Amino acid sequence: MISKTSATIAFKGKGDAIMVIGETNGCLGQSIYLRELCGMESGAPPPVDLAVERRNGDFVRALIAKDS
């Protein structure tokens, strides 16, 4: 089943919060943060653990569904 509820990456208004989901290791290479806020595209992207990404995505989708 596909949900019709979604969230976007764009901020919606002044004072919006940024939440970090999962563990961080200080890697900003090829990140949206680096590109959008610093105007740079550099560095290698961090390694990806697909199982962890799935778990974090499930968590975020549950938060979106709860709020709708």
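**Close-ups of a predicted model**

**View 1. A nonpolar patch on the surface of this predicted model.** Met-19, Ile-21, Phe-59, Val-60 and Leu-63 together make a nonpolar surface patch of about 440 Å². One of these, Ile-21, sits in the segment before α1 (32-38). Ile-21 has 31% relative accessibility, so it goes down as partly exposed.

**View 2. The whole protein chain, for context.** You'll find 2 helices here and 0 strands. The radius of gyration is 14 Å, well over the 11 Å that the globule rule gives for 68 residues, so the chain is more spread out than a compact globule. Along the principal axes, the C-alpha atoms fill a box of roughly 35 × 35 × 20 Å. Buried residues account for 7% of the 68. The accessible surface adds up to about 6,400 Å², with 59% of that belonging to carbon and sulfur atoms.

**View 3. Arg-54, Asp-58 and Arg-61 on helix α2.** Asp-58 pairs with Arg-54 in a salt bridge at 3.5 Å, N to O. These two are 4 residues apart in helix α2 (residues 50-67), so about one helical turn separates them. Arg-54 is exposed at 57% relative accessibility, while Asp-58 is partly exposed at 36%. Asp-58 also forms a salt bridge with Arg-61, where the closest N and O atoms are 2.5 Å apart. Shared partners link Arg-54, Asp-58 and Arg-61 into one salt-bridge network.

**View 4. The salt bridge between Arg-35 and Glu-36.** Here the closest N and O atoms are 2.8 Å apart. Arg-35, at 40% relative accessibility, counts as partly exposed. The structure holds 3 salt bridges.

Terms used. Residues numbered from 1 in each chain as written. Predicted model: local features only at pLDDT ≥ 70, side-chain atom pairs only at ≥ 80, totals over all residues. Heavy atoms only, no water. Rg over C-alpha atoms; globule rule 2.2 N^0.38 Å. Buried < 20%, exposed > 50% of the residue type's maximum accessible area, 1.4 Å probe, protein only. Areas by Shrake-Rupley, 256 points an atom, 1.4 Å probe, with all protein chains shown as cover. Patch = residues over 30% accessible without salt bridge, like charges linked within 9 Å, V, L, I, M, F, W, Y side chains within 5 Å. Salt bridge = Lys/Arg side-chain N within 4 Å of Asp/Glu carboxyl O.
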